[in-house]
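User: Please take a close look at one part of this structure and explain to a first-year student how that part is placed within the whole.

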Amino acid sequence: MNERDSEAVAAMLRARGYRLVQHEDDCDIMLLNTCSIRDLAEQKAIGKAGYMAARKKRRPQFILGILGCMAQNRGAALLDLLPDVDLIVGTQKFHQVPGYLDNLRAARAAGMPVGDTIIDIAEEAGSQNTIRDHVLDERQVTAFVSIQQGCNMDCTFCIVPKTRGDERSRPMDDIMVECRALAERGVREITLLGQIVTSYGRRSAGRQNAHAGGATPFVQLLERLHEIDGLARLRFTSPHPRGFKQDLVAAYGRLPKLCECVHLPLQSGSDRLLRAMNRPYTRESYLQIVDALRRARPDMYFSTDVIVGFPGETEADFAQTLELFEAVNYDMAYIFKYSIRSGTPAATMPGQVPDAVKEERNQILLRLLEKNSRRRNQSLVGTVQEVLVEGPDKKGLRYMGRTRGNRTVHFEATERLIGKLVPVHITRATTSALYGEPALAGVEP
Ligand code: SAH
């Protein structure tokens with residue numbers, strides 16, 4: 001989501017005549033878009049901002065801005081740590097950045113002393129509708145599209161409701177316009193973004209029509225996007241397990257462009273902890289969702305988020321998480337050590353878990369994930385996978401693309417194949433990647 005927000009700001013700036021530079025040493029303005037989900041993310045951003053601020057000693061005209069969640073979370077208090085920051089802009093004000101930069105530059109051009117920091121972390125109705133511009137490379141094949149901002153779930157560990165505000169969805173027609181334009185520019189795969197995408201539209205005006213035909217607004221959106229010519233694949237992140245009702249499960253059987261790849265944040269496999277986290281499902285209902293999705297698409301890929309070391313997590317709780325993690329056989333997972341976020345209910349809960357225990361549990365899950373991931377990749381050797389070709393890989397030796405299950409594949413190709421769906425015969429697998437040869441007879445014209 002931060003990448004997407006940054007891209008939208010970059011596109012707005014570019015439209016105003018600003019230019020993106022390749023390397024940070026060359027920039028006159030640096031905007032750091034920040035994350036607050038864990039303390040480590042904030043510490044990294046503060047470190048980077050401090051390092052960049054030192055540049056002002058040599059170049060007083062240099063402008064440094066902090067955007068996003070940490071700006072929202074800390075506001076003016078950031079100046080105690082970073083007195084030289086020029087701009088602090090919260091999560092509902094990204095679209096104001098170009099205007100603020102113009103003001104800062106005009107003041108400098110007029111010879112006014114480099115002065116007060118501009119701080120804007122207010123709420124703004126409709127701000128979810130401003131994340132819509134893109135900076136596309138000429139041959140860009142995949143894109144993120146923000147459909148919603150904020151979250152009202154109040155998970156007890158999570159700072160997102162504070163940093164991102166209330167759940168607000170964009171109008172479906174606006175999303176359609178954006179996605180059609182992306183498809184016309186050659187984008188073949190779109191990933192819908194939001195903090196809780198499965199609740200898309202549930203708080204919008206006109207909700208009385210929202211359940212037309214028994215489908216939730218989110219499923220209606222998927223159905224409409226599915227009609228766009230040129231788009232070959234649809235993905236979304238992050239959903240909430242409670243959003244996987246019958247209509248969404250059924251959509252996987254009905255909408256072939258919807259990739260059989262689901263991110264299903266678990267957080268914990270212990271019912272006791274799920275309650276303490278205010279996650280409204282149980283291990284049993286979670287497993288029922290997994291089963292229903294596997295029935296709809298037997299080759300479904302699953303990824304998840306897990307927190308280890310939530311306050312009060314015992315060995316027995318963790319054993320439940322481990323057991324469930326093994327049972328679902330995740331293909332990918334983000335495993336987090338619980339991080340105290342001040343102002344959230346879990347921050348002051350008794351039974352905070354020592355770091356060493358968090359680290360140990362983290363390692364155990366990581367090892368299991370590696371095993372599962374390798375096993376899944378190995379099982380693909382000898383098969384033919386549909387790959388959407390994105391471009392040269394990082395080393396520039398081969399081309400890369402991803403399967404419908406979001407596995408990265410490296411193979412010999414030519415530029416002509418960028419943007420095409422190509423059947424690739426998988427010949428080799430590691431934990432993180434697949435290697436193969438295109439079966440060129442089956443390439444899209
Ligand atoms: N809204 C999304 C998740 C956004 S944050 C959802 O609910 O699925 C991504 C992940 O960060 C969360 O799923 C959770 O696993 C992790 N996370 C959130 N708060 C955390 C905290 N205080 N400590 C550690 N991990 C956390």
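Analyst: The answer below turns to one helix, then to the loops, and then to the whole chain.

This is a predicted model, in which local features need pLDDT of at least 70 and side-chain atom pairs count only at pLDDT 80 or more, while totals for chains, interfaces and linings use all residues. Residues are numbered from 1 along each chain as its sequence is written, and side-chain values use heavy atoms, with hydrogens and water left out.

The part chosen is helix H8, residues 217-226. Helices (H or I, at least four residues) and strands (E, at least two) are DSSP runs, numbered from the N terminus. Eight of the 10 residues of H8 are buried, so the helix is largely enclosed by the rest of the structure. Here, buried means under 20% relative accessible area, exposed means over 50%, and partly exposed lies in between (1.4 Å probe, protein chains only). The buried residues of H8 are Pro 217, Phe 218, Val 219, Gln 220, Leu 221, Leu 222, Leu 225 and His 226. Their cover includes helix H7 (172-184), strand S8 (189-193), S9 and H9.

Two of these covering elements, S9 and H9, also frame a loop. Ser 238 lies in the loop between strand S9 (233-237) and helix H9 (246-254). A cis peptide bond, with omega of about -10 degrees, joins Thr 237 and Ser 238. Most peptide bonds are trans, and most residues other than glycine have a negative phi.

Two other loops hold residues with a positive phi. Gln 267, which is not a glycine, has a phi of about 75 degrees. Its loop runs between strand S10 (261-263) and helix H10 (271-277), and Gln 267 is buried, with a relative accessible area of 6%. Asn 406, likewise not a glycine, has a positive phi of about 70 degrees. Asn 406 is found between strand S14 (399-403) and strand S15 (408-411), and its relative accessibility of 34% counts as partly exposed.

The setting for these parts is a protein chain with 13 helices and 17 strands. Its radius of gyration, 23 Å, is close to the 22 Å that the globule rule gives for 445 residues, so the chain is as compact as a globular protein of that length. The radius is taken over C-alpha atoms, and the rule is 2.2 Å times the number of residues to the power 0.38. Along its principal axes, the C-alpha trace spans about 65 × 60 × 50 Å. Buried residues make up 53% of the 445 residues.

Conventions:
Contact means heavy atoms within 4.5 Å.
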